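Reader: Please take one site in this model and look at it closely. Then set it against the rest of the chain. Keep it brisk.

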Amino acid sequence: MKYQTQKIAFSYFGVALALFAVQVLIGLLAGWVYVMPNTLSELAPFNIIRMVHTNALIIWLLLGFFGAAYFLIPEEAEREIHSPMLAYLQLIIFVVGTLGAVVTYVFDLFHGHWLLGMQGREFLEQPTWVKIGIVVGALIFLYNITMTVLQGRKTAITNVLLIGLWALALLFLFAFYNPANLSLDKLYWWYVVHLWVEGVWELVMASILAFLMLKLTGVDREIVEKWLYVIIATALFSGLLGTGHHYFWIGAPSYWKWVGSLFSVFEVVPFFAMMSFAFIMVWKGRREHPNQAALLWSLGCTVLAFFGAGVWGFMHTLHGVNYYTHGTQITAAHGHLSFFGAYVCLNLAMIAYAMPILRNREPYNQVLSMASFWLMAGGMAFMTFTLTFAGTVQTHMQRVIGDYYMDVQDALGVFYWMRFGSGVAVLLGVLMYLYAVLLPRREIISHDASVAAE
């Protein structure tokens, strides 16, 4: 570890991993409710379970991004973080806000209160006071890392990361605007949800991935930066107007059908570019890095992101297809694989790389970490195929034939059981990963890539 303030990342990664475990556990519970609908129906209704599952996902991914920034920016800027105290204050704000939101969701203590009660907007259900806390925490973070970069070396990686993180924070301000008109609400709601995951988060992903490739492959910085600029250009070009594929059925002007369809097709390009970038960097690499687990997670991230966000997104993004598939289990298949591939794997790759350095030891438990990748990736891939088949059956029965919704759901029971089984596999993979990165090593990977039992 070159800089002492990189230790800040350890606290962020620790909290992020804890929330990751909670998110997967709650997701497994949600999968169980699909097959046993009356489970905890009085204590924790399904809408609350799903709310905690999705919100935990968003918060732990953000904490992972923040931790990654606190780890890589000192190395890129060649100086310590501007204010470690502010960094820890920011973490406390996010932890308090997360706990406050969960208590509000589960107990609904302040139902309907504009400041204290939960909101009715999917993914943005946080009470207003929590949203204010998120903005304060984000401003502290942006001030801290921006001052660090301005006072140090500027690189393409830090520039792109800063653009992505600043845009992330600014777009979240639309979460405070909640118009009474539902169509208008959805128009601006997608400014947060879509422009995060299919816009500025891609900039964050590309910059972190570029840092990992720089460290893991030994390729010249100039080559990495050229690829980085191409990737972010295609991401912004396709992602901004690609928002239109969410406007098909909310009463927006009809031209959005064509704008949304056309630019959504191009959204495959940045993910294909990131996958090509990662594999070409490894091919061009001049050295065998001792941390092969981090390399596997990095490569797996790009492949799963391409298929989840790119291929599965393209499958039903054209308005002629989306007319039938919108809101079916095909959407759930796309959402699960794209989030897991693009952002979950990215954070896990960064943590797998950084943890040995933060704990001042050689890469450890790599075999277990790599096994956890294959188990999680395999479970998520099976879940995606299961939901895709379920969505195809649902589309035909519900949207073409016109069967009743609950009759269709009864017919999909076998797919929901398989989805639950794949969720169990993912949970086992998570537990293996947590053991691999947090507990004492069981093997040492030396710098010549040989393995010796300790």
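**A close look at E125**

Author: E125 counts as buried, at 7% relative accessibility. The cut-off for buried is under 20%, so 7% falls on the buried side. Keep in mind that this is a predicted model.

Where does E125 lie? It lies in the loop between α3 and α4. Helix α3 covers 84–107, and helix α4 covers 128–150. So we have a loop residue that is nonetheless buried.

What is E125 in contact with? Leave aside its neighbours within four places in sequence. The partners are then M51, N55, Y105, M118, Q119 and K131. Take Y105 from that list. Y105 and E125 are 20 residues apart in sequence. In space, their C-alpha atoms are 8.5 Å apart.

Now set another glutamate beside it. E222 sits in helix α7, residues 221–242. E222 is exposed, with a relative accessible area of 53%. Exposed means over 50%, which is why 53% qualifies. Its C-alpha is 25 Å from that of F66, with the two positions 156 residues apart in sequence. E125, in contrast, is buried at 7%.

Two other loop residues deserve a look, this time for their backbone. Most residues other than glycine have a negative phi. L40 is not a glycine, yet its phi is positive, about 55 degrees. L40 is in the loop between α1 (8–35) and α2 (46–77). At 37% relative accessibility, L40 is partly exposed. E78 also has a positive phi, near 60 degrees, and is not a glycine. Its place is the loop between α2 and α3. E78 is partly exposed too, with a relative accessible area of 47%.

Next, the cysteines. How many disulfides does the structure hold? Zero. Look at C301 and C345. The closest cysteine sulfur to that of C301 is in C345, 5.9 Å away, which is too far for a bond. The cut-off for a disulfide is 2.5 Å. Seen from the other end, C345 is in no disulfide, and its nearest cysteine sulfur is that of C301. Both cysteines are buried: C301 has a relative accessible area of 1%, and C345 has 0%.

Step back to the whole chain. It has 15 helices and two strands. Its radius of gyration is 22 Å, close to the 22 Å that the globule rule gives for 454 residues, so the chain is as compact as a globular protein of that length. The C-alpha trace spans about 60 × 45 × 45 Å along its principal axes.

Buried residues make up 57% of the 454 residues. E125 is one of the buried residues. Take contacts between residues at least 6 apart in sequence: 81% of them join residues at least 24 apart.

What about surface and charge? The chain exposes about 18,900 Å². Carbon and sulfur atoms supply 71% of that area. There are 22 positive and 23 negative side chains. The centres of the two sets lie 7 Å apart.

Back to the site. E125 is a buried glutamate in the loop between α3 and α4. Its contacts beyond the sequence neighbours include K131, Y105 and M51.

Key: Residues numbered from 1 in each chain as written. Predicted model: local features only at pLDDT ≥ 70, side-chain atom pairs only at ≥ 80, totals over all residues. Heavy atoms only, no water. Buried < 20%, exposed > 50% of the residue type's maximum accessible area, 1.4 Å probe, protein only. Helix = DSSP H or I, 4+ residues; strand = E, 2+ residues; numbered from the N terminus. Rg over C-alpha atoms; globule rule 2.2 N^0.38 Å. Contact = heavy atoms within 4.5 Å. Areas by Shrake-Rupley, 256 points an atom, 1.4 Å probe, with all protein chains shown as cover. Lys, Arg positive; Asp, Glu negative; His and termini not counted. Charge placed at Lys NZ, Arg CZ, Asp CG, Glu CD.
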